[in-house]
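Hi there,

Here is the structure I promised to pass on. My notes follow below it.

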Amino acid sequence: MDIQPTASHFIDGVYIEDTDGTPIDVIYPATGEIVGRVYSATPAIIERALVSAQNAQRAWAKTSGTERGRVLRRAADIMRERNHGLSVLETYDTGKPLSETLYVDATSAADALEYFGGLAGSLTGDHIPLSEGNWAYTKRDPLGVCVGIGAWNYPTQISCWKGAPALACGNAMIFKPSETTPLCALKVAEILLEAGLPAGLFNVVQGLGDVGASLVADARVAKVSLTGSVATGCKVYAAAAAGMKQVTMELGGKSPLLIFDDANLENAVSGAILANFYSTGQVCSNGTRVFVQKGIRDAFLMRLKERLSLAIIGDPLDETTTIGPMVSQRQLDIVLGYIKQGKAEGARLVVGGSRIAGSGYYIEPTVFADVTDSMTIAQEEIFGPVMAVLDFEHEDEVIGRANATAFGLSAGVFTADFSRAHRVIDALEAGTCFINSYNDAPVEMPFGGVKMSGVGRENAKDAITYYSQIKSVFVRMGDVEAPF
Ligand code: NAD
């Protein structure tokens, strides 16, 4: 792998190594082999990242939006030129097949850089006319030093979904990748520097939760954006609240996908496949509770089974492979545990259900039918290729059941009746929804959850709100009247 980063951390425009930190092995999930090693950031490394980010941010905030945008758009171009190498690295980091990484990782990261690069020059405040000729204006100021903390499923994309809007608004970012996938964000840092981003504005430090927690607790940090589990989100949100910091929380889900009798069967099956098996099911917005109306249920299951037999499970570096391994032994064990529980609680196994023998963390795509609302596999986020199919009869009934969860990231509906589609989506408690589709995430569309699935939105113009703050200025044109 000639694209390997050369050291653990990227601070102030250079790679830095500090072997005093705890070693973290980078394991290629397809073979279980160690393909790299990074070292967790020591307090000295964290301090260096904070000081350089703080210094660089002051100057960056004084540049024009157009200048900032130019750098981001240049970075997008470089990223696209290097898509193949970056995709191979993403595959080594995550195990996701090249048939995915070539199309959705560096490319979606580049989209974010390009989109926010384009927006940067048009970030303005308002002019507010008031009585007696007075007026007010607002300025959109950067927050300062932002911390991004990533999950392991989309390491390149997550670093840019956070980094691009942060930088566009005039902030600096310190990004801590997931300890499971530490490599990709380092390449993003290299590319940003090459595109002309001043040193210190996008630093990457490695480490486990404790490194993330130290960054969140530091008084020099103004904002924290986390992509991770609800459990981690609760801890990080609380720690950020102690310092009254702004947050974006992109957390987990157990999203419902509703398939009505009148849906186009082939599209509904495709949607359910995308909602459960893309990235080996390791997608936060997955529609893992697939509610299928009784009239279409048997046909749906039959066609799903046929379509799953076409999946090619294997070497992620072979471009014909469509399903790769789980990201880690730990995640594999978690998923196998849920499958065991599904069987024990009486769900009917329709497809898959077993680990695939050999090296690497492979598991069969799995479908359970006859799942009921109270089963563990219908309640908890599994984060693996396990679909739970639940039956339903009526629209009102299924909406109530779909909403009976603490999560609220996504929801989808397949139906030929467009008034029903909009009515149902309107009633579903979720932040990111799909009609006759599933899991599309264009940068132009806001992404995020409600309820326990998160706070704030990534992507689209809305993300600007979460990386900037409004300063209001009242301007009196006449004399000041006081009571005495
Ligand atoms: P995780 O919560 O275990 O870890 C996420 C990150 O938080 C890691 O970088 C970890 O080191 C860090 N962390 C852990 N404890 C911390 C602490 N106390 N303070 C600061 N940082 C800490 O999640 P994961 O296993 O890496 O990822 C899977 C989870 O992420 C799933 O729940 C999934 O749904 C969610 N996810 C959400 C989105 C989204 O956009 N909503 C996207 C991808 C993944």
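**Aromatic pairs and a sheet**

Phe116 is buried, with a relative accessible area of 0% (buried means under 20%, with a 1.4 Å probe and protein chains only). Tyr115 is buried too, at 18%.

A word on the basis: this is a predicted model, where local features need pLDDT of at least 70, side-chain atom pairs count only at pLDDT 80 or more, and totals for chains, interfaces and linings use all residues. Residues are numbered from 1 along each chain as its sequence is written, and side-chain values use heavy atoms, without hydrogens and water.

The whole structure holds 9 aromatic pairs (ring centres of Phe, Tyr or the six-membered ring of Trp within 6.5 Å; planes under 30 degrees apart are stacked, over 60 edge-to-face, the rest tilted). Among them, Tyr115 and Phe116 meet edge-to-face, 5.1 Å centre to centre with 90 degrees between the planes. Trp152 and Phe383 are also edge-to-face, at 5.2 Å and 70 degrees. Trp152 sits in the loop between strand 7 and helix 6, and Phe383 in the loop between helix 13 and strand 16, so this pair ties together parts 231 residues apart in sequence (helices are DSSP runs of H or I with at least four residues, strands runs of E with at least two, numbered from the N terminus). Both Trp152 and Phe383 are buried.

There is also an open, mixed sheet of 7 strands, ordered 14-15-16-13-12-17-18 (two strands pair if DSSP finds at least two bridges between them). Strands 14 and 18 stand at the edges with a single partner strand each, so one side of each lacks a neighbour in the sheet.

Happy modelling!

Terms used
Buried < 20%, exposed > 50% of the residue type's maximum accessible area, 1.4 Å probe, protein only.
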